[in-house]
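Please look over the chain shown here and work through the questions that follow, each of which is answered step by step.

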Amino acid sequence: MNRILKPILNAFRIPDLRKKIIFTFLIFVVFRLAAHIPVPGVDLDALKMLFSRNQFLGLLDIFSGGTLANFSIIAIGLSPYINASIVLQLLTMVFPKLEELSKEGELGRERINQYTRFLTVPLAIFQSAGMVAILKKQQIISQLKILDLILIIITMTAGCLLLMWLGELITINGIGNGISLLIFGGIVGRMPVSLIQTISVAEATNFFNLLVFIIMSVVVVAAICFVNEATRQINISYAKRISGRRIYGGSSTHLPLRVNQAGVIPIIFAVSLVLIPSMVSSYLQTVDNQKVVGIASLINRFFDPNSIFYNLIYFTLVIVFTFFYTSVTFNPQKIAEEIKKYGGFIPGIRPGQPTADFLNYILTRITLAGAVFLGLIAILPSVARSLTGITTMMIGGTGILIVVSVVLETSKSLESQLLMRNYDGFLKEG
C-alpha cells in the first residue's frame, strides 16, 4: 500500500504531474455523472428486476460500472471500442499493409487508432440495437415508437464515443492508460454494491462461505501483486572500447522481462469477446423464427457463465490474448538489434539472431506462466462460487483482477514520470 500511495503523494509536489492527476480525477467525475443520466422512455424498476434475474446481463452491468442497469447514456460502455481494437490487431497479422503501417512509428499507430475509431461506430450501433431488441422483447420499452427506438440507439452510440474520447483525453493529458482507467472506474463504482450483496448472501447461507470468500479475495490480491511484480533478469554485458587514452564500456546491466508482460489487457479483451455469443443469442431469441430461437437458446446454454464450456473458452482466450499482446508489445528481434548496436551481449550467447532466439525462448516460457496464472485467476471465482454458493463471487474476482492490475500499472507510470523529472532536475543542476 505504501508503494502505491507514495508515488501519488510525491507527484502532488510537482506542478505538471499534479495537473495531470487533477485532470484525470475530473474526467472520472464526468464519467460518473454520465453514468447516472438515464436514457428517456425506459422503466428502470423493471430493468433492474431483469438484471437481477439474468447472470449475463448482470456481468455486463458490472463491467459497465452499473451504467447498464441504470440504462444511462453510456450504457454499452467501452466494449465496442475494445472489440474494434481486437479486430484491428487481428487484421494487422493478416494484411501486410496494416502490418507495415503498425511499424511506421507514431504516425502509423495514429492511423490504426483512427481506423479503430471508425470501426467502433458500427459495432456500437449493432450492440445498442441488440440491447434495445432485448429490452423490447422483455416489454421494458415496448411503448416507444420506431423513431424513439432509433433515438435511443443513437444516444447509446454517442455515449460509447464519448467514453472513447474521455479515455483518449486521459491517455494524452492525464495519468496512465485512459481506457483501462475508465474500466477501472466503472468496476470500482459498482464494487461496493457487489460487495454488500456478497456479504448479505454469505450471511444468509453460512458464515464459513463468507470466511472462504474473504480468504480467497486476500489470496487473489496478493497473488496478482506478486505475479505483476515478478521479472526474469537477463544479464547484459558491454565490451570495453578504447578511444584515445580513455576506456569506455566494460559495464554490465540487466534486461527485466516481466512474467505478466501484457498486464490487464488480455482479461479485458477476453471478457469483451466471450460475451459476444451471449449478446448475439439474446438478440436472436427476439425473432419469430423458432429454429433461430432454438439455435440461440443452445448458444446461450453453452455460454452460460456457470457452464464448463464458457469457463474453458474464457481460460483459453486469456492465454491466447496474453501471448498475442506480448508479441505485439515486445519484439525480441528489435531488442537484440539494439543490444548489438550499442556493443552489448548476453554472456554465453552470440550477438544478433542467437540473442533474439534466446530472448524469444525465455519470453515464451515466462509468458506461458503468466498466461496460465491470468487464466486461472479469471475462472477461479466461478469455481469457488460453485463450492460456496455466493453468486456475486465470480464477478467480484474478475473485477479485483482488473482493479489491482490497473492500480499497479498506474502507480508504475507515476513512478517512471517522477524518475524522469528527477533526472531532468539533476541535469539542470549540473
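A residue is called buried when its relative accessible area is under 20%, exposed when that area is over 50%, and partly exposed in between.

Q: Is E110 buried, exposed or partly exposed?
A: This is a predicted model, and the answer rests on the relative accessibility computed for the residue. For E110 that value is 35%. Because 35% falls between the cut-offs of 20% and 50%, E110 counts as partly exposed.

Q: What is the mean pLDDT of the chain, and which residues have a pLDDT below 50?
A: Across the chain, 78% of the residues reach a pLDDT of 70 or more, and the mean is 77. A stretch with pLDDT below 50 has zero contacts in the model beyond near neighbours in sequence, and this stretch is residues 425-430. Where pLDDT is low, the predicted coordinates should not be read in detail. The values asked for are therefore a mean of 77 and residues 425-430.

Q: How many helices does the chain have, and what percentage of its residues is buried?
A: The secondary structure of the chain includes five strands, alongside 17 helices. Among contacts with a separation of 6 or more, 73% join residues 24 or more positions apart. The chain has 430 residues, and the buried ones make up 46%. The answer is thus 17 helices and, as a share of the residues, 46%.

Q: What share of the accessible surface of the chain belongs to carbon and sulfur atoms?
A: The accessible surface of the chain comes to about 22700 Å². Of this area, the part that belongs to carbon and sulfur atoms is 66%.

Q: Which residues are linked in a network of salt bridges?
A: The structure holds two salt bridges. In one, the side chains of E110 and R117 meet at 3.4 Å, N to O; in another, the closest N and O atoms of E168 and R117 are 2.7 Å apart. Because R117 takes part in both pairings, the network is made of E110, R117 and E168.

Q: How many residues apart are E168 and R117 in the chain?
A: E168 forms a salt bridge with R117, and this pair links distant parts of the chain, with E168 in helix α8 (residues 146-173) and R117 in helix α7 (residues 106-137). Both residues are buried, R117 having a relative accessibility of 17%. Their separation along the chain is 51 residues.

Q: Why are Y310 and Y314 separated by about one helical turn, and what is the angle between the planes of their aromatic pair?
A: The structure holds one aromatic pair, formed by Y310 and Y314, with a distance of 6.1 Å centre to centre. The two residues are about one helical turn apart because they are four residues apart in helix α14. Both are buried, Y310 at 3% relative accessibility and Y314 at 4%. The pair is tilted, and the angle between the planes is 50°.

Q: Is N311 buried or exposed, and which residues does it touch?
A: N311 is found in helix α14, residues 308-329. Its relative accessible area is 12%, so N311 is buried. Not counting residues up to four places away in sequence, N311 touches P305, N306, I379 and S382.

Q: Why is helix α11 largely enclosed by the rest of the structure?
A: Helix α11 spans residues 265-274. Its buried residues are I265, P266, I267, I268, F269, A270, V271, S272 and V274. The helix is largely enclosed because the buried residues number nine of the 10.

Q: What is the area of the nonpolar surface patch that includes F25?
A: F25 lies in helix α2, residues 15-34, and counts as exposed because its relative accessibility is 55%. The nonpolar surface patch is made by F12, I22, F25, L26, V29 and L33. Its area is about 570 Å².

Q: How far apart in space are L98 and L88, C-alpha to C-alpha?
A: L98 is found in helix α6, residues 96-102, and counts as buried because its relative accessibility is 15%. Leaving aside neighbours within four places in sequence, L98 is in contact with L91, T92, I112 and Y115. L98 and L88 are 10 residues apart in sequence, and their C-alpha distance is 8.6 Å.

Methods. Residues are numbered from 1 along each chain as its sequence is written. This is a predicted model: local features need pLDDT of at least 70, side-chain atom pairs count only at pLDDT 80 or more; totals for chains, interfaces and linings use all residues. Side-chain values use heavy atoms; hydrogens and water are left out. Buried means under 20% relative accessible area, exposed over 50%, partly exposed in between (1.4 Å probe, protein chains only). Contact means heavy atoms within 4.5 Å. pLDDT is the predictor's confidence in each residue, from 0 to 100. Patches are made of residues with over 30% relative accessible area and no salt bridge: like charges are joined within 9 Å, nonpolar side chains (Val, Leu, Ile, Met, Phe, Trp, Tyr) within 5 Å. Accessible areas come from the Shrake-Rupley method with a 1.4 Å probe; for residues, only the protein chains shown count as cover. A salt bridge is a side-chain nitrogen of Lys or Arg within 4 Å of a carboxyl oxygen of Asp or Glu. Rings of Phe, Tyr and Trp (its six-membered ring) pair if their centres lie within 6.5 Å; planes under 30 degrees apart count as stacked, over 60 as edge-to-face and the rest as tilted.
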